[in-house]
Amino acid sequence: MVLAPALAIAWAAFAIAAFMWWSLRLPIAPPILLVLPATLLISAVTRYLAAKRSIDTYLPRGIAKRILLGRSSAATADVTVMFTDIAGFTALSQRLQAISPAAVQAFQNRHFGLLGPAIRSQRGDILDFAGDGVMAAWGWPDPDPDHAACACRAALGIAAAIERDNVLRARAGEPPVRIRIGINSGLASGGDIGAVPHPQPALGKR
């Protein structure tokens, strides 16, 4: 709303200057009338892209798409879910914490950086990062008939990535990282849990 009047004034000033200096007769009213809708359109597109970038950062692709389109993510489907965690992470994190809190964060980012590509390359969606663990799903919110096989291939990819990284850790004199991977397939219901607003009770005098 601030940009539209500024652009209109700028165009009017330019049209007047062009007429005075170069005798050019430029239309004034039509461009000014188009400034407001054009500015609103640009603003809406900019806000949409900013929201999409933010949502894509923190939510799986399928869920982010449904939110942006105003659709519900609630559904029951045949899915495969994977959980991973690091064996002995408590002791490992305490050792890193003694160095600095940033060392724990750097280790986690490096570890998740190994797991993420293996999961996404097999069409999996990462639903949650919790401490040293990852929760990923196949077949929800978008159905995938090959969800179980994709999850198993992702697990093999994770194991290979950890094995390669352990070689580098051994060269650096660091202990190897051992992870556990759990996979389960079956019917699951997914959607908003604990995020549905509840009406507040009205307060009245007795």
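**Figure 1. The whole chain, element by element.** Helices here are DSSP runs of at least four residues and strands are runs of at least two, numbered from the N terminus. Counted that way, the protein chain of this predicted model holds 6 helices and 4 strands. If you would like to trace them from the N terminus on, the order is α-α-α-β-α-α-β-β-α-β. Of the 206 residues of the protein chain, 30% count as buried. Take the contacts between residues at least 6 apart in sequence: 62% of them join residues at least 24 apart. The close-ups below visit a few of these places one by one.

**Figure 2. Trp21 and Trp22, an aromatic pair of exposed residues.** A search of the whole structure turns up 3 aromatic pairs. In this one, the ring centres of Trp21 and Trp22 are 5.8 Å apart and the planes stand at 85°, so the pair is edge-to-face. An angle over 60 degrees is what earns that name. Are these two residues buried or exposed? Trp21 is exposed, with a relative accessible area of 63%. Trp22 is exposed as well, at 52%.

**Figure 3. Phe112 and Phe129, a tilted pair between a helix and a strand.** The rings of Phe112 and Phe129 lie 4.6 Å apart, centre to centre, with 45° between their planes, and the pair is tilted. It links distant parts of the chain, as Phe112 belongs to helix H5 (residues 101–120) and Phe129 to strand S2 (residues 125–130), 17 residues apart. On the helix side, Phe112 is buried, with a relative accessible area of 14%. On the strand side, Phe129 counts as partly exposed at 43% relative accessibility.

**Figure 4. Helices H4 and H5 packed against each other.** Helix H4 (residues 89–99) packs with H5 at an angle of about 130°, and their axes are 6 Å apart. The two helices are therefore oblique to each other. Which residues of H4 and H5 meet? From H4 come Phe89, Leu92, Ser93, Leu96, Gln97 and Ile99. They meet Pro101, Ala103, Val104, Phe107 and Gln108 of H5. By type, the residues of this contact divide into 8 nonpolar and 3 polar, with no charged ones.

**Figure 5. Arg95 in H4 and its partners.** Arg95 sits in helix H4. At a relative accessible area of 39%, Arg95 is partly exposed. Look past the neighbours within four places in sequence, and you will find Arg95 in contact with Arg169 and Pro175.

**Figure 6. Asn166, a buried residue of H6.** Asn166 is part of helix H6 (residues 147–171). With a relative accessible area of 17%, Asn166 is buried, since buried means under 20%. What is Asn166 in contact with, leaving aside its neighbours within four places in sequence? The contacts are with Pro176 and Val177.

**Figure 7. Cys150 and Cys152, two cysteines without a disulfide.** A disulfide is a covalent bond between the sulfur atoms of two cysteines. The count for this structure comes to 0 disulfides. Cys150 is in no disulfide, and the nearest cysteine sulfur, that of Cys152, is 9.4 Å away. Why is there no bond from Cys152? The closest cysteine sulfur to that of Cys152, in Cys150, is 9.4 Å away, which is too far for a bond, because a disulfide needs the sulfur atoms within 2.5 Å. Cys150 is buried, with a relative accessible area of 0%, whereas Cys152 counts as partly exposed at 41%.

**Figure 8. Thr39 in H2, with Leu7.** Thr39 has its place in helix H2 (residues 29–58). It counts as buried, at 11% relative accessibility. Leu7 is 32 residues from Thr39 in sequence, and the two C-alpha atoms are 9.1 Å apart in space.

**Figure 9. Pro143 in a loop, with Val79.** Where does Pro143 lie? You will find Pro143 in the loop between strand S3 (133–138) and H6. Pro143 counts as exposed, at 73% relative accessibility. Along the chain, Pro143 and Val79 are 64 residues apart, while 7.9 Å separates their C-alpha atoms.

Key. Residues numbered from 1 in each chain as written. Predicted model: local features only at pLDDT ≥ 70, side-chain atom pairs only at ≥ 80, totals over all residues. Heavy atoms only, no water. Phe/Tyr/Trp six-rings, centres within 6.5 Å; stacked < 30°, edge-to-face > 60°. Buried < 20%, exposed > 50% of the residue type's maximum accessible area, 1.4 Å probe, protein only. Axes fitted to C-alpha atoms, helices over the stretch in contact; angles between N-to-C directions. Parallel < 35°, antiparallel > 145°, perpendicular 65-115°, else oblique. Contact = heavy atoms within 4.5 Å. Nonpolar A, V, L, I, M, F, W, Y, C, P; charged D, E, K, R; others polar.
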